[in-house]
Amino acid sequence: KRQALTHARRGLPTVTILDPSTLPLADHLPIRTNALLLGSGLIFAAGALLGLALPLRAGLEGFPTYVIGLIGSAFAAGFVAGCLFVPRLFARVGHVRVFGAMAALVAVTALLNPLFIDPVAWIVIRAMTGFAFAGGTMIIESWLSESATSETRGSVFARYMIVTLTTSVLGQLAVTVYGPADFEPFALAAILACLALIPTALSSGRRPEPLHEVKLDFRRLVR
């Protein structure tokens, strides 16, 4: 205030510096962060659409209930495997290439499901989808963490949760437009997964640090 008053007395122009914390969140978040949020929303919409269309289609195909349960469990198994192995890929080739590979794998598995109507094939394909989602989720979240500052990290991840949950609901609602008995839901999921590549591939955000591998000590966990 004292410096501004001095400038005013001397007839000099004054410069007003705004506090970023007082601005709306969308105004002071970098564009690269919004691009990452868009990419995560698209990939989660594809995942939610597949997660609902698959069991409904399996029921229409006459799969036993326990097989439908195994298909769901295969996703979880693939997700765990992705958490264990994707960090190694990340360290070798970088975040952009790995995310591109994971999004492409989601698109491929989405299209494979209606082509191979078989319980065993769907269990394997669903495990591949879980593997891809584990890798994509780790990359997006680590990238967002690196892009955010200490002041904006909480807001960024709050928006991340809002975006992912909202797009997941919208993805599931797409099943009401395209019935699970048709090819369209799976094609739409593949399209959404491919679209997720565009904002992340063109983002100018700083590259996140390599993911650190964490070993789980089961003996210590049991104790």
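This is a short walk through one protein chain, from its overall build down to a few single residues.

Good morning, everyone. Before I begin, please keep in mind that what you see above is a predicted model, and that each value I mention was computed from it.

Let me start with the chain as a whole. The protein chain holds ten helices and zero strands, so that, reading along the sequence, you meet the pattern α-α-α-α-α-α-α-α-α-α. Of its 223 residues, 37% count as buried. If you take the contacts between residues at least 6 apart in sequence, you find that 84% of them join residues at least 24 apart.

Now, how do some of these helices sit against one another? Helix H4, which covers residues 65-93, packs with helix H6, residues 119-147, at an angle of about 40°, and their axes are 6 Å apart. Because of that angle, H4 is described as oblique to H6, and the crossing in which H4 passes H6 is right-handed. H4 also meets H5, where the two axes come within 7 Å and cross at roughly 130°. That angle, too, makes H4 oblique to H5. On the H4 side of this meeting you can look for Val86, Leu89, Phe90 and Val93, and on the H5 side for His95, Arg97, Val98 and Met102.

While we are at H5, which spans residues 95-115, let me point out Thr109, which has its place in this helix. Is Thr109 buried or exposed? Its relative accessibility is 0%, and therefore Thr109 counts as buried. Setting aside its neighbours within four places in sequence, Thr109 is in contact with Ile125, Met128 and Thr129.

A second residue to look at is Ser168, which lies in helix H7, residues 153-177. Ser168 has 18% relative accessibility, and since the cut-off for buried is under 20%, Ser168 counts as buried. Apart from residues within four places in sequence, Ser168 is in contact with Phe44 and Ala48.

The third is Thr200, which belongs to helix H9, residues 197-201, and which is buried because its relative accessibility is 3%. Thr200 and Ala35 are 165 residues apart in sequence, and yet their C-alpha atoms are 6.3 Å apart in space. Leaving out residues up to four places away in sequence, Thr200 touches Leu36, Gly39, Phe99, Ile140 and Trp143.

Let me turn to pairs of charged side chains. As a general point, side chains of opposite charge can pair when their charged atoms come close. How many salt bridges does a search of the whole structure find? The search finds one, and in it the side chains of Glu61 and Arg57 meet at 2.9 Å, N to O. With 36% relative accessibility, Glu61 counts as partly exposed, whereas Arg57, with a relative accessible area of 10%, is buried.

Finally, a word about cysteines. A disulfide is a covalent bond between the sulfur atoms of two cysteines. A search of the whole structure finds zero disulfides. Two cysteines you can find in the model are Cys83, which is partly exposed with a relative accessible area of 34%, and Cys194, which at 41% relative accessibility counts as partly exposed as well.

To close, I would ask you to go back to the structure and locate Thr200 in helix H9, and then to find Ala35, whose C-alpha is 6.3 Å from that of Thr200. Thank you for listening.

Key. Residues are numbered from 1 along each chain as its sequence is written. This is a predicted model: local features need pLDDT of at least 70, side-chain atom pairs count only at pLDDT 80 or more; totals for chains, interfaces and linings use all residues. Side-chain values use heavy atoms; hydrogens and water are left out. Helices (H or I, at least four residues) and strands (E, at least two) are DSSP runs, numbered from the N terminus. Buried means under 20% relative accessible area, exposed over 50%, partly exposed in between (1.4 Å probe, protein chains only). Contact means heavy atoms within 4.5 Å. A salt bridge is a side-chain nitrogen of Lys or Arg within 4 Å of a carboxyl oxygen of Asp or Glu. A disulfide is a pair of cysteine sulfur atoms within 2.5 Å. Axes are lines fitted to C-alpha atoms, for helices over the stretch in contact, and angles run from 0 to 180 degrees between N-to-C directions. Angles under 35 degrees count as roughly parallel, over 145 as roughly antiparallel, 65 to 115 as roughly perpendicular and the rest as oblique. A crossing is left-handed if the near helix is turned anticlockwise from the far one by less than a right angle, and right-handed if clockwise.
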